[in-house]
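Here are my notes from going through this model, in the order I'd look at things on screen. Have the sequence and the coordinates open next to you.

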Amino acid sequence: MEDCKSAISNPEGKQHMMAAALHLTKALVASDYLTDDLKKILTDLDSHLSAMGVIVESKGGEFFEFEQRLKHAEEKVASWKPNQLMVCNSGPIEASETFKVVDEIHTLMESLRNLAADESGKPMELLQRAESLLQTVMSRLEEELVHILHQHKQYFEPQYMSFRSFRSDVAYDESFVSVEEEPLDEASRRNSNGDESEDHLVDLVHPQVIPHLKSIANLMFASNYAQELCQAFVRARKEALDEYWDSLSMDTFTIEDVLKMEGKSLNYEMKRWIWIMKILIRVYLPSEKRLCDQILGESGSFSPHCFVETSKASMLYLLNFGEAVVMGAHEPDKLFRLLDMYEVLADLLLDIDHLLLEEAGSVNRIEFHKLLAKLGDFSRATFAEFRCAIASKTSNTPFPGGSIHHMTKYVMNYIKTLAEYVDTLNVLLKDQVSEDPSSVFELENSQEGGSSATSCPTACHLRSIASTLESNLNNRAKLYKDVALQNVFLMNNINYIVQKVKSSKLGLLLGDVWIREHMAKVQQHATGYERNSWSFAVSLLRSHDGSSLPKAIFKERSRSFSVTFEEVYRNQTAWYIPDPQLRAELQISISNKVIQAYRSFTGRNSNDEKHIKYTADDLESFLLDLFEGSPRSLQNFRRR
């Protein structure tokens, strides 16, 4: 045992021991009785013992051979020109030489570490030189990586999803006085950009340099320079993303900035958020993730980590803007953009989950799920606020001419647009109880075979809103002293409501029963108008037995009728029925009742024609002036 220890402590003995071990190892590797795995282990051991042999042999000559190998590597590195690209622009031979230098340094460092573990002096000095040389090489490779990423980056122009393709929206106003008569078709606007939902992967770096970048990454990983590699990669890709962000004219806002925005500015930025979400989540970031995987994919967790670090700023912007929006007031004019934000985030959530699948992205992934829930809650609250705003909006002044109130236009254009979001609203409102007073509607509609669309959550809530609007209109009608004008006001407004429902998706949601019910209301108010405006005038033209009237009575009735007609004419030419069909139908109905009675009245008393101020044709012509919104008078009328 002592002889063995003595032999090992003697340098010459060490050489003999390692020679014997090498001989035995080589013999075993050549054997046919070993498994492939065991042969691989012995081959690695053979390489290690060979390196140890070099050290032992050189130790006696003050590490001469070892130092010569290190010096040769240093000279090779020193010969590299300052701006020379060692991998990308080199041919196969030059690139291979670079890899050989790195491999040589690795081999020398491994051997020196084994020797320097129990000795100092020359081994440690040489190890430090080797480590310094490796650091120099890694710095050069890091610079080359960044240079290639900058020089060969590529951008794409999202022409298929240009922000300019977004159509303008109806300007809704809480005051109910600033609203377009005919809003743009929201369905067309929302469906005009269907191509935006398609997945597109683009090359953010020219494909021909990907192998070079991957080779540099592998060399740096093998040299334990993973942290430096990732920092350089992330820095370069962040700069590229920032440049692309600028090319899209994207501004970044703090939460305070968003909360201070005026309505139009906020609406615009909400639309831009939707647009940039689609570009980033569907195109740019998936392409960035693919680039990370192509270059860093063999490094385990480094690829997802680098992707998350690269995309962090843009992800935080998207999250912070959404968070700021749901911190604001529940203003009805924001509801459509809120629903758009909710829809696009719900649609992109699976893409976000895929992008942030690994642990490195779990925080942002969870925050996007939370934001979706907050957008849903905020949209529900804003929807409820819209109904409350209708109910609370009152006035002490009657609307001029009994025409269609601005609020009616506002509400109907608003819910016509809401109907385009029926699927999303059904999700958001499924657990919300509507306040629809028409409790018998569901039964009536189901008995007539109504579709499920009329009983969906959105339909129930829209009927409730329409009912609230009607209640408000009934209260506004009471502001008119003239009962006939109350009828005209309600007839105008309910007819407008019906026409909006019939001409849009609202018809499917509110149903045929609702439409028939409200068309009947229009007719009821038209009948009420005729009764309150013309029943007295027509009564003056009637006789009990259909015979001619005594001259005095005829004269008095003829005069009273003329005065009554002139008063109606003076008032009702100032009233306004905007719908030309409704106006014409009402004029015809009046003519059928009044002119027919007047012809009979004057015909029975034709001998007293001098007491007749107007002919039937005159009156028929005058009736065409009614409801035009331009007050007129018959005081200066003279028969020709």
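Does Gln587 count as buried or exposed? My answer is in point 1, and bear in mind throughout that this is a predicted model.

1. Gln587 sits in helix H22. At 10% relative accessibility, Gln587 counts as buried, because the cut-off for buried is under 20%. Leaving aside neighbours within four places in sequence, Gln587 is in contact with Leu623, Leu624, Leu626 and Phe627. Take the pair with Leu623: Gln587 and Leu623 are 36 residues apart in sequence, yet their C-alpha atoms are 6.4 Å apart in space.

2. Ser591 is another H22 residue to click on, and this helix covers residues 580-604. With 12% relative accessibility, Ser591 also falls in the buried class. Again setting aside neighbours within four places in sequence, its contacts are Gln596, Glu620 and Leu623. So Leu623 turns up for Gln587 as well as for Ser591, because in both cases heavy atoms come within 4.5 Å.

3. Leu623 also belongs to the packing of H21 against H23. Helix H21 (residues 551-572) and helix H23 (residues 616-623) have axes 11 Å apart and pack at an angle of about 20°. That angle is under 35 degrees, which means the two count as roughly parallel. The crossing of H21 and H23 is left-handed. On the H21 side you'll find Phe561, Phe565 and Tyr569, and these meet Leu619, Phe622 and Leu623 of H23. Sorted by class, the contact has six nonpolar residues, with no polar and no charged ones.

4. Now compare H18 with H19. Helix H18 (residues 457-477) packs on helix H19 (residues 483-502) at an angle of about 160°, and their axes are 9 Å apart. An angle over 145 degrees counts as roughly antiparallel, so that is the label for H18 and H19. H18 passes H19 in a right-handed crossing. From H18 the contact takes Leu469, Leu473, Asn474, Arg476 and Ala477, while H19 supplies Gln486, Phe489, Leu490, Asn493 and Ile497. The class split here is six nonpolar, three polar and one charged.

5. Phe368 is one for the contact list. You'll find Phe368 in helix H14, which spans residues 362-392. At 0% relative accessibility, Phe368 counts as buried. Not counting residues up to four places away in sequence, Phe368 touches Met277, Met315, Leu318, Leu319, Leu345, Leu349, Ile352 and Leu356. For a sense of the fold here, Phe368 and Asp353 are 15 residues apart in sequence and 9.1 Å apart in space, C-alpha to C-alpha.

6. Last, the cysteines. Why is there no bond between Cys230 and Cys306? The sulfur of Cys306 is 3.3 Å from the closest cysteine sulfur, in Cys230, which is too far for a bond because the cut-off is 2.5 Å. The structure as a whole holds zero disulfides. Both cysteines of this pair are buried: Cys230 has 6% relative accessibility, and Cys306 has 0%.

Technical notes: Residues numbered from 1 in each chain as written. Predicted model: local features only at pLDDT ≥ 70, side-chain atom pairs only at ≥ 80, totals over all residues. Heavy atoms only, no water. Buried < 20%, exposed > 50% of the residue type's maximum accessible area, 1.4 Å probe, protein only. Helix = DSSP H or I, 4+ residues; strand = E, 2+ residues; numbered from the N terminus. Axes fitted to C-alpha atoms, helices over the stretch in contact; angles between N-to-C directions. Parallel < 35°, antiparallel > 145°, perpendicular 65-115°, else oblique. Left-handed = near helix turned anticlockwise from the far one by under 90°. Nonpolar A, V, L, I, M, F, W, Y, C, P; charged D, E, K, R; others polar.
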